[in-house]
Amino acid sequence: MRTAVFSARRYDQSLLTQANAPAGHELVFIQDRLTAETARMAAGCAAVCVFVNDSVDADVLARLSAQGTRIVATRSTGYNHIDAAAAAKLGIAVVRVTDYSPHSVAEFAVGLLLAVNRKIARASMRTREGNFELEGLMGFDLHGKTVGVVGTGKIGVIFARILHGFGCSLLGHDVDANAHFEALGGQYVGMPELMATSDVVSLHCPLFDSTHHIVNAQSLAGVKRGAVLVNTSRGGLVDTDAAVQALKSGQLGGLAIDVYEQEASLFFQDLSSTIITDDVIQRLVSFPNVIVTGHQAFFTVEAISQIMATTVESLSDFEAGRPLRNRIPA
Ligand code: NAD
């Protein structure tokens, strides 16, 4: 099946080509993001393969449909970038990758937490300059602290398990209880209590209308003073302006983010020689107690290999008329 692969970086091209070898789909790699302007590049492609910052809204879907696209496959778990209802109306199937190493993201979230708390990136920058001073590098023990996990699904529960191993107490907030989380001694509480009691808050729920800005000025006003916020889920979960204010006032003691609300125009590209016009991200990276990474939590050999294998499997199942295991409901 002729498949347009948008936002295709070198690693996407090599690993998807490898995974596709037995199936033999015709892959057309496109470096650009999918937008209303670039949708025409998928002309004649029955399948379109996208990533998290591609725009798959109703307008783009209508353009794709008019050009003959019948399936959209996202190389991600989250699908907030796809208007699934509009796709259903147009008869376009949408698939994602539900099961790929949740360890990749959970382990990265722990890494971010350690890095921001123990100032590891800052210390490394200092030693490269020949500065071995410890002033400004003090962190706190995670052992004995309370960690709030928002969204205790596949990733959240692994994150919780790792921090349980560190000797932390666990609080959770979710619409559904997870027995594995409770087996770790995790207790479910409302968001205000979780924010008020946790020394560390880590976000692992999907971005829905109901979770948009789940961390906002009001909830940050109630956060335990000096708490660290980690977000490896989706940028839209956090009102970034409110987080900047909370950092300035010291209410938030640290912020570690792999995702950012306005990341679509920034992430997955080298902008080091250009003038970045987004003042919020520039302000964020200027704080000594903030770490920003460019949506790389999923980026392990195991996770990417699984993402590519599942994507090819979905394309093949669709072409053969078999049921789609990873179909997104409208
Ligand atoms: P999952 O579906 O297994 O778990 C999500 C959990 O969030 C579920 O337990 C669900 O009940 C809960 N939830 C839903 N609505 C909620 C609400 N209103 N409040 C609190 N909890 C709520 O998903 P997962 O595999 O653990 O992935 C979680 C998220 O991680 C994804 O949606 C995606 O946004 C993000 N993610 C990020 C990366 C990255 O590279 N940074 C990679 C993969 C996934």
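**Figure 1. The two domains of the predicted model.** The domain assignment splits this predicted protein into domain 1, made of 2-100 + 300-320, and domain 2, covering 102-292. Measure from centre to centre over C-alpha atoms and you get 30 Å between domain 1 and domain 2. Where the two touch, 8 residues of domain 1 are in contact with 8 residues of domain 2. On the domain 1 side of that contact, the classes come out as 1 nonpolar, 5 polar and 2 charged residues.

**Figure 2. Close-up of α1 against α12.** Here we have helix α1 (residues 10-20) and helix α12 (residues 301-320), with axes that come within 9 Å and cross at roughly 55°. That angle makes α1 oblique to α12. As for handedness, α1 passes α12 in a right-handed crossing. From α1, the contact takes in Y11, L15, L16, A19 and N20, while α12 brings I304, S305, M308, A309 and V312. Sort the residues of this α1 and α12 contact by class and you find 8 nonpolar, 2 polar and no charged.

**Figure 3. Who lines up around the ligand?** A shell of 29 residues sits around the ligand, and G78, G151, G153, I155 and P206 come nearest. Two elements give two or more residues to this shell, namely α4 (102-117) and α6 (154-165). Which element gives the most to the shell around the ligand? That would be α6, with 3 residues. Broken down by class, the shell holds 11 nonpolar, 13 polar and 5 charged residues.

**Figure 4. The two ligand-shell helices, α4 and α6, packed together.** Besides both giving residues to the shell around the ligand, α4 and α6 have axes that come within 8 Å and cross at roughly 50°. This crossing angle makes α4 oblique to α6. The crossing of α4 past α6 is right-handed. On the α4 side, look for P102, H103, V105, A106, A109 and V110, which meet K154, I155, I158, F159 and I162 of α6. I155 does double duty: it belongs to the α6 side of this contact and is one of the residues that come nearest to the ligand. By class, the contact of α4 with α6 has 9 nonpolar, 1 polar and 1 charged residues.

**Figure 5. Close-up of α10 beside α11.** The last view shows helix α10 (residues 240-249) packing on helix α11 (residues 279-286) at an angle of about 30°, with their axes 11 Å apart. Is that parallel or antiparallel? At that angle, α10 is roughly parallel to α11, because angles under 35 degrees count as roughly parallel. The crossing of α10 and α11 is left-handed. T240, D241 and V244 make the contact from α10, and V280, R283 and L284 do so from α11. By class, the residues where α10 and α11 touch divide into 3 nonpolar, 1 polar and 2 charged.

Notes. Residues are numbered from 1 along each chain as its sequence is written. This is a predicted model: local features need pLDDT of at least 70, side-chain atom pairs count only at pLDDT 80 or more; totals for chains, interfaces and linings use all residues. Axes are lines fitted to C-alpha atoms, for helices over the stretch in contact, and angles run from 0 to 180 degrees between N-to-C directions. Helices (H or I, at least four residues) and strands (E, at least two) are DSSP runs, numbered from the N terminus. Angles under 35 degrees count as roughly parallel, over 145 as roughly antiparallel, 65 to 115 as roughly perpendicular and the rest as oblique. A crossing is left-handed if the near helix is turned anticlockwise from the far one by less than a right angle, and right-handed if clockwise. Two residues are in contact if their C-beta atoms, placed from the backbone, lie within 7 Å. Ala, Val, Leu, Ile, Met, Phe, Trp, Tyr, Cys and Pro count as nonpolar, Asp, Glu, Lys and Arg as charged, and the others, Gly among them, as polar. A residue is near a molecule or strand if its C-beta atom, placed from the backbone, lies within 6 Å of it. Domain bounds come from an automatic or database domain assignment.
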